[in-house]
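Biologist: I've got this model open, and I'd like a close look at one part of it, followed by a walk outwards to the rest. Could you take me through it in plain words?

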Amino acid sequence: MKMLEEAKGKWAGALNEVVIGATKEQGGTRTSTVTVGGEKTLPFLAYEGPTKNRPVVAMEILDRVPEDWPKPLTDALGDAVKSPAEWAKKCVDQFGADLICLKLQGTHPDFGNASPQAAAATVKSVLAAVGVPLIIWGSDHDEKDNEVLPRCSEAAKGEKCVIGAVKEDNYKTLVSFCLADGHSLIGLSPIDINIAKQVNILVSEMGFPLDRLVMYPTTGALGYGLEYAYSIQERSRIAALGGDKMMSMPVICMIGQEAWRAKEARASAEEAPGLGDENMRGVFWEIATASALLQAGSDIMVMRHPESVAAIKNVITKLTK
Amino acid sequence: MKTYSVTFLPEEKTVQAAAGKSILEAAIVAGIPVNSVCAGEGVCGKCRVLVKSGKVEAEPNSFLTRRDIQRGMALACHTYIHGDVVVEVPLESRISGVPQLASEDAIRFGRISERVGEGAAFAHAPLSGKAYLELPLPNLTDNIPDQERIYRELSRHREMPTMHIGLAVLQKLPELLRESGWKVTALLGYRGRTTEVMEVEPGDTSARHLGIALDVGTTTVVAHLVDLNTSETLTTKAKYNSQISLGDDVISRIMYSRTGERLKQLRDMVVGDINDLITGLVMDVKAKFHDVTYVVCAGNTTMVHLLLGLNPANIRREPYVPCAATLPVIRAAEIGVKINPRGLLLALPCVSSYVGGDVVADVLVTGMTDSEELSLLIDLGTNGELVIGNADWLVCCSASAGPSFEGGGITCGMRATTGAIEHISLKPDGRIDEYSVVGGGKPVGICGSGLIDAIAELLRVGCIDRRGRFVKTECGNRLREAETGEREFVLFPGKATALGKDIVLTEPDISNLIHSKGSIYMAAECLMAHVDMTFDDVKHIYIAGGFGNYLDIERAVEIGLLPDVERSRFHFVGNGSVQGAKMALLSQEALTYLQVRIAAAMTDFELSSDHKYMNEYSSCLFLPHTNIEKFPSLRGKYGKPAQAEGARARA
């Protein structure tokens with residue numbers, strides 16, 4: 001009996017490889033580095049080619065106590081959330097985070113308005129507490145970010161962090177600092193593949209190297225635009241494999257941030273008695289969102305709950321076996 | 001209700017207005033042309049007036065700075081009269097000046113004598129005819145009725161289809177024939193398959209035989225007076241459409257026209273413009289209104305509806321259904337157009353709600369349907385229309401480009417009239433190298449072609465990035481922060497301008513133009529994809545529309561408005577609308593061709609439901625395009641090579 005031939009995709013392009021973190025020999029103080037990207041096929045199609053660098057899981061921490069996070073989430077994280085350094089350490093030592101993603105939400109004028117100096121000190125404390133590479137996000141307030149992030153970039157000089165985010169309307173300041181300090185950048189675009197590419201072009205036209213760029217095409221959680229996010233990521237991966245150099249950046253997904261925004265994750269048992277165990281709903285929401293987006297082609301999964309982190313790391317291991 | 005007097009300066013024209021009426025309403029009554037892009041909705045900020053004295057109440061708005069308000073500046077549409085007031089309408093808020101007529105580039109297409117007449121594509125056979133008749137006197141052996149006697153004589157000289165005659169003419173016919181000694185001139189009007197004896201005049205008037213070709217545009221109305229015997233264009237005039245004060249684009253006009261009274265108001269405005277133009281034309285050549293016997297007009301579907309008083313409401317609503325596409329021949333007097341009272345008026349057929357008779361006329365003028373070679377027509381305006389095809393087929397679509405090509409929605413934007421910067425080039429440091437102003441003199445503002453130049457040049461010298469945002473380090477002291485918090489680039493400092501006010505460009509200005517150019521380019525791409533072809537297959541690209549004439553093709557490609565193909569493939573059509581109307585006026589064959597081979601043969605492709613348009617539009621919101629491969633001649637012109645620049649910011 002004749003077997004059907006395997007339908008193998010043949011691709012001209014590959015994703016860029018981005019190295020995050022620098023060890024002592026590389027001019028930093030990290031004990032480990034992370035490499036993402038480099039894929040030459042659609043995700044996890046082992047018969048077309050191996051997964052060059054498996055997706056990684058970063059855990060999200062804040063520079064302030066996450067008062068508005070749901071209780072099941074903060075319970076799982078414990079008292080460590082009171083100190084970013086402690087929190088980061090716990091994520092790495094106990095929960096196995098590959099990287100730490102520090103969100104400087106406390107610098108936002110509406111959330112404490114922490115000074116650039118304070119933010120830089122927080123960055124330093126986290127770097128001192130853990131050996132894994134660091135992702136640094138601003139507070140999504142353009143003007144404040146333009147004051148805060150340059151100071152953080154400077155404070156972390158040589159550590160090859162990933163700093164974000166640059167947008168098509170606000171990128172010049174951050175690009176020039178990250179270029180000088182050796183960091184990588186996250187380019188943010190609002191679920192639009194064309195704008196994602198435009199951000200990459202604008203940043204690269206300032207002389208920023210393409211292999212230091214990560215794309216954040218925005219994430220939608222299950223039930224909250226997941227299919228849009230999926231479709232955009234899939235199209236961007238296909239464009240990259242088709243040889244589009246301006247679309248060949250690895251993708252970062254803010255899984256925890258979006259999943260824990262969902263009503264189904266946040267609502268307490270009293271508010272939504274029909275939705276099931278309130279301690280597990282958010283975890284499941286994170287896992288469902290993350291496992292779907294892994295299939296679309298994601299490289300850095302930023303998550304919040306230790307149990308979802310463990311579950312997704314397991315999924316990644318199985319998919320790349 | 002209490003009324004107050006409102007005096008407008010500098011005209012010193014005073015009108016009475018009821019308490020609580022807006023200054024804009026009073027201005028319309030007074031016939032003072034005030035710019036109002038948004039039809040008085042209070043969202044465009046263009047109807048600025050200076051309240052010199054008197055009591056008014058103004059609604060707060062975001063367009064005026066504190067200094068403006070202290071000076072007495074107000075928005076005419078949202079400032080209400082509560083006392084006798086004196087208002088000055090400054091130059092910047094006026095719809096004034098005379099629009100430019102087609103440039104020299106368009107002359108090739110303007111010479112319609114090459115296409116109409118002996119040995120040309122279309123035989124000379126105007127829609128209106130004059131036949132001098134010396135009728136045989138009736139007697140007992142030849143006693144057919146007067147009317148039939150005229151028909152018989154007419155048929156003797158030419159092949160006549162079915163004829164008919166109006167009651168008013170019949171009523172005076174017996175006396176007229178006998179008083180004129182049976183020597184009369186019959187005025188014939190072409191009405192499709194029938195010919196009407198519009199009028200019978202005593203004696204021989206056949207030497208004086210005039211017609212009008214009209215382009216009824218959303219922005220401008222252009223009229224040509226044509227000698228129907230010789231095909232010669234005797235004189236031409238243009239004027240802004242008075243409806244502008246009730247909205248800049250067709251959508252705002254449709255929205256305004258929602259009551260019968262307002263529909264009539266709009267019709268009266270454009271008819272008034274047409275009559276002004278006709279009066280001027282007729283006076284120029286010392287002719288009589290009586291000698292003008294036929295008007296052919298071309299306009300977009302909405303303008304034709306408004307001219308004929310047809311309700312345009314459904315043009316705007318899905319599924320976008322006009323009242324009529326093929327319009328009946330009417331007596332011009334029925335809508336108030338002043339020519340010979342028995343004279344006829346025909347509007348060229350439209351294709352769909354957003355592809356009108358103006359585009360059909362453009363196609364006729366380009367001659368693109370004569371050739372097997374593929375041509376693309378782009379009519380640039382507030383509403384852009386595109387047609388692709390050849391002798392065998394035609395597919396068209398329309399794309400709403402917004403008013404920025406006409407200077408609308410641009411801080412210092414204006415139409416291409418006296419004082420508008422129409423071309424500009426910059427030195428490497430972003431300072432003005434060369435520029436030209438319509439009518440010479442100091443600039444007042446910037447029109448579409450100048451804006452395209454400015455943006456292409458700012459991009460070339462690095463003052464803006466490909467997204468259209470200012471690059472602070474390159475702009476130097478030309479960039480400043482306005483009171484509104486917006487950053488603005490000073491193109492011309494106040495001392496160099498006619499109004500003493502700086503001419504600036506803001507990021508939202510640039511963004512508006514990018515959206516306009518993006519919608520045209522995207523429409524062109526979708527149209528090409530729809531017929532499964534590429535721009536390389538297109539042998540000729542015709543640029544039509546008043547604005548098109550002054551366009552610098554190179555700059556238009558640099559910003560991604562036009563496709564990057566060999567520049568020799570581009571041709572300017574000029575005002576194809578009025579030229580096409582004129583061809584139809586002069587040749588029944590041309591009219592039939594236009595109706596059958598163009599309007600009826602054109603397939604309308606609706607872009608609003610096209611997935612490609614939705615998915616890829618944002619890729620066009622970049623200079624020239626997100627995918628630079630589509631603009632091969634511009635490749636490698638932007639940005640710095642990776643890591644060539646170090647850390648400038650910290651230094």
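Modeller: Start with helix α5 of chain B, residues 167-179, which lies across strands β9, β10 and β11 of chain B. Its run makes about 45° with β11(B). Bear in mind that this is a predicted model, and read the rest in that light.

What is the helix lying on? An open sheet of 4 strands, in the order β8-β10-β11-β9 of chain B, with mixed pairing. At the edges you'll find β8 (128-134) and β9 (162-165) of chain B, each of which pairs on one side only. Going from neighbour to neighbour, the strands are turned by 35° against each other on average, ignoring direction. In the middle of that order, β10 (residues 183-191) and β11 (residues 194-202) of chain B run antiparallel and share 8 bridges. If you want a pair to click on, B:Tyr190 has B:Thr195 in β11(B) as its bridge partner. A second helix packs on this sheet too: α4 of chain B, residues 146-157, touches β8, β9, β10 and β11 of chain B. The direction of α4(B) makes about 105° with that of β8(B). While you're looking at strands, here's a handy rule: in a regular strand, side chains alternate between the two faces of the sheet.

Now zoom out a bit. The domain assignment cuts chain B into domain 1 (3-93), domain 2 (128-202), domain 3 (210-347) and domain 4, which comes in two stretches, 367-403 and 514-634. If you measure from centre to centre on C-alpha atoms, domains 1 and 2 of chain B are 57 Å apart.

Further along chain B there's another open sheet, this one with 6 strands in the order β28-β27-β18-β19-β20-β29, again with mixed pairing. Its edge strands are β28 (570-574) and β29 (602-604) of chain B; each has a single partner strand, so one side of each is left without a neighbour in the sheet. The twist from one strand to the next averages 25°. Inside that order, β18 (residues 375-379) and β19 (residues 383-389) of chain B pair antiparallel over 5 bridges, and B:Ile378 stands opposite B:Leu386 in β19(B). A helix lies across this sheet as well: α13 of chain B, residues 507-530, crosses β18, β19 and β20 (394-400) of chain B and runs at about 155° to β20(B).

There's also a hairpin to visit in chain B. Strands β21 (residues 420-426) and β22 (residues 432-437) of chain B run antiparallel and are joined by 5 bridges, with B:Ile421 opposite B:Val437 in β22(B). Between the two strands are 5 residues, and B:Gly430 in this hairpin takes a positive phi near 90°. One more backbone detail: the peptide bond from B:Leu623 to B:Pro624 is cis, with omega near -15°, and B:Pro624 is found in the segment after α17 (611-616) of chain B.

Taken whole, chain B has 17 helices and 29 strands. A compact globule of its 651 residues would have a radius of gyration near 26 Å, and the chain's 27 Å agrees with that. Along the principal axes its C-alpha atoms fill a box of roughly 110 × 65 × 45 Å.

Chain A has 11 helices and 10 strands. Its radius of gyration is 19 Å, close to the 20 Å the globule rule gives for 321 residues, so chain A is as compact as a globular protein of that length. The box for its C-alpha atoms is roughly 65 × 55 × 35 Å along the principal axes.

The spot to look at in chain A is where α3 (residues 116-129) packs against α4 (residues 142-155), at an angle of about 35° with the axes 8 Å apart. That crossing of α3(A) and α4(A) is right-handed. From α3(A), the residues involved include A:Ala119, A:Ala120 and A:Val123, and α4(A) brings A:Val148, A:Arg151 and A:Cys152 among them. The residues of this contact divide into 7 nonpolar, 1 polar and 3 charged.

Two backbone oddities round off that stretch. A:Lys160, in the loop between α4 and β6 of chain A, has a positive phi near 50° although this residue isn't a glycine. The peptide bond from A:Gly164 to A:Ala165 is cis, with omega near 0°, and A:Ala165 sits in strand β6 (residues 162-166) of chain A.

Notes
Residues numbered from 1 in each chain as written. Chains lettered and ligands numbered in written order. Predicted model: local features only at pLDDT ≥ 70, side-chain atom pairs only at ≥ 80, totals over all residues. Domains from an automatic or database assignment. Axes fitted to C-alpha atoms, helices over the stretch in contact; angles between N-to-C directions. Left-handed = near helix turned anticlockwise from the far one by under 90°. Contact = placed C-beta atoms within 7 Å. Nonpolar A, V, L, I, M, F, W, Y, C, P; charged D, E, K, R; others polar. Pairing = 2+ DSSP bridges. Rg over C-alpha atoms; globule rule 2.2 N^0.38 Å.
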